[in-house]
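Colleague: I have this chain open on my screen and would like a close look at one part of it, with its surroundings filled in afterwards. Could you take me through it?

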Amino acid sequence: MRNEEMLLIPGPTPVVDSIYNAMASETRGHTDPRFVAIYKNAIEQTRTMLQTDGEVFVVAGSGTIAMEMALVNTVVAGEKILVISQGYFGDRFITLGQAFGIEVDVLQTEWGKQVDLADVEAKLAEGHYKAVTITHADTSTGVAADLDALIPIMKKHGALVILDGVCATAAMEENMSKTYGHPDYKIDIILTGSQKAIGVPPGLAIVAFNQTALAARKQIERVPAYYCDIYNWIPIMNDPSKYFATPPVNLIYAYNEGMRLVLEEGMSARITRHTAFGKAVRAALGEYGMTALADETVAASTLSCILYPDGVDDAAFRSALAKKGVIVAGALAHLAGKAFRIGHMGNTTEAMLEQAIELIGDTLNEIGHGVDVEKAVGRFKEEVILNV
Ligand SMILES: Cc1ncc(COP(=O)(O)O)c(C=O)c1O
């Protein structure tokens, strides 16, 4: 890998050479048949990964555009949604919905905890919600949503399920043909970005709509958007030689290669690998007296939010670690200074994470917080073996 640093923030994540090489290919016109074939393949690969028979959109934008695209094409002003928020990114749907005049109800959890299913059941029983938003892995807390438990409740009440997979897609199970306790209970929309578990540089918004979500779009006469209106994109996604807005040609090259790597490894292997990495990183950091905010039973496999032991200064720790070439992120909101966030997803390898554990230990020793590096590295390796 040509990277000089280990980018272990919860996205963007490490990019491998074959993706860089693809991205550095000659820029062609967006209607050039050679590019069109690549774009078509990238869309097809997305469809395969998500197992959908609906429509897939791969467009320029970040995860936030993907969130907006999901919402404005299914819910109109005055209709009600329920936002299930297990952190900062769950909350983003509140302001996003309100910006479009959507009535937003929220179930917010204490950071680090999963939502209480009885609360979800009670809330949904209160009235008609057009859609419910779930953040699969909240990047602020490292908490995963329990889709197997949540989706049947939502579908029972007739709500569309909008899943934010920005920090989960391509690492955690997101299969749009999977049924959740009833043949009609499925995820209706998945949205994500290119820069996290897919392991491609930032800049692409990826959204998939199933037939139920497409039917919701059909009922809307005019969505309050132009770029985000899926009706402007469906013709392009089905025939990328057509034009609506210029696609980011080189990013599509990169994404096509990133998706090739995802499918080559296979979703089942990726889910196992990410689960093993998540467990191993948290267990190893535990040896340093660092605990994850999320309990192991609810922890996401893609990233962890790790609380510092007493006496470790966040800025001093992260900058000393960065000098050794390992970049981790600070925590958000009230956890700023009290925790850091480490990504373990996408193209991140076991060797990288093992080295990161070692360098984190070295850093702690350097800043006067004595730890046993060998023991933590040993624990990391053991946990990987146990879980792959
Ligand atoms: C879970 C989740 N949703 C949405 C977003 C927003 O994505 P973006 O920053 O690409 O707009 C992020 C960003 O980190 C995220 O982690």
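Which residue follows H4, and is its phi positive or negative?

Modeller: Happy to, and please keep in mind that this is a predicted model. The residue that follows H4 is Gly101, and its phi is positive, near 75°.

Let me start with the helix itself. H4 covers residues 88–99, twelve in number. From its first C-alpha to its last, H4 reaches 17 Å, close to the 16 Å expected at 1.5 Å a residue. The buried residues of H4 are Phe89, Gly90, Phe93, Leu96 and Gly97. Looking down the axis of H4, you will find these buried residues within an arc of 115°, so they line one face of the helix. The spacing fits a general rule: an α-helix has 3.6 residues a turn, so residues three or four places apart point the same way. On the face of H4 turned away from the buried side sit the exposed residues Thr95, Gln98 and Ala99.

What does the buried side pack against? The partners of the buried residues of H4 are helix H3 (63–72) and a set of strands: S3 (80–85), S4 (103–108), S5 (131–135), S6 (137–138) and S8 (160–164).

Strand S5 is a good place to step into next, and Val132 is found there. Val132 is classed as buried because 27 other C-beta atoms lie within 10 Å. Not counting residues up to four places away in sequence, Val132 touches Ile81, Leu82, Ile84, Met154, Ala159, Val161 and Ile162. By contrast, Val36 is 96 residues from Val132 along the chain, and their C-alpha atoms are separated by 35 Å.

Between H3 and S3, two of the partners of H4, there is a loop that holds Val76. Val76 counts as partly exposed because it has 19 C-beta neighbours inside 10 Å, where 20 would be needed for a buried residue. Val76 and Val59 are 17 residues apart in sequence, with 22 Å between their C-alpha atoms.

H4 also brings us to the ligand, since Phe89 is one of the residues that surround it. The rest of that shell consists of Gly11, Ser62, Gly63, Thr64, Thr135, Asp138, Thr139, Asp164, Val166, Cys167 and Gly193. By class, the shell has three nonpolar, seven polar and two charged residues.

Gly11, from that same shell, deserves a glance for its backbone. The peptide bond from Gly11 to Pro12 is cis, with omega near 0°. Pro12 is placed in the loop between strand S1 (6–7) and helix H1 (17–23).

Since you asked about phi, two other residues may interest you. As a general point, most residues other than glycine have a negative phi, and most peptide bonds are trans. Gln51 is not a glycine, yet its phi is positive, near 55°. Gln51 is in the loop between helix H2 (33–50) and strand S2 (55–60), and it counts as partly exposed because it has 15 C-beta neighbours inside 10 Å. Ala170 has a positive phi too, near 85°. The place of Ala170 is the loop between S8 and strand S9 (189–193), and this alanine is buried, with 30 other C-beta atoms within 10 Å.

Now for the wider setting. The protein chain is divided into domain 1 (17–264) and domain 2 (266–387), and their C-alpha centres lie 28 Å apart. The contact takes 24 residues from domain 1 and 22 residues from domain 2. On the side of domain 1 that touches domain 2, strand S7 (143–144) and helix H9 (249–265) each supply at least two residues. By class, that side of domain 1 has 15 nonpolar, seven polar and two charged residues.

To finish, here are two stops in domain 2, which spans 266–387. Ala336 is found in the loop between strand S14 (329–330) and strand S15 (339–343). Ala336 is exposed, with 11 other C-beta atoms within 10 Å. Leaving aside neighbours within four places in sequence, Ala336 is in contact with Gly330 and Ala331. Leu386 lies in helix H13 (residues 373–387), and Leu386 is likewise exposed, with 11 other C-beta atoms within 10 Å. Lys279 is 107 residues from Leu386 in sequence, yet their C-alpha atoms are 9.8 Å apart in space.

Conventions
Residues numbered from 1 in each chain as written. Predicted model: local features only at pLDDT ≥ 70, side-chain atom pairs only at ≥ 80, totals over all residues. Near = placed C-beta within 6 Å. Nonpolar A, V, L, I, M, F, W, Y, C, P; charged D, E, K, R; others polar. Helix = DSSP H or I, 4+ residues; strand = E, 2+ residues; numbered from the N terminus. Expected span 1.5 Å × (residues − 1). Buried ≥ 20, exposed ≤ 12 C-beta atoms within 10 Å, placed from the backbone. Arc of directions from axis to C-beta. Contact = placed C-beta atoms within 7 Å. Domains from an automatic or database assignment.
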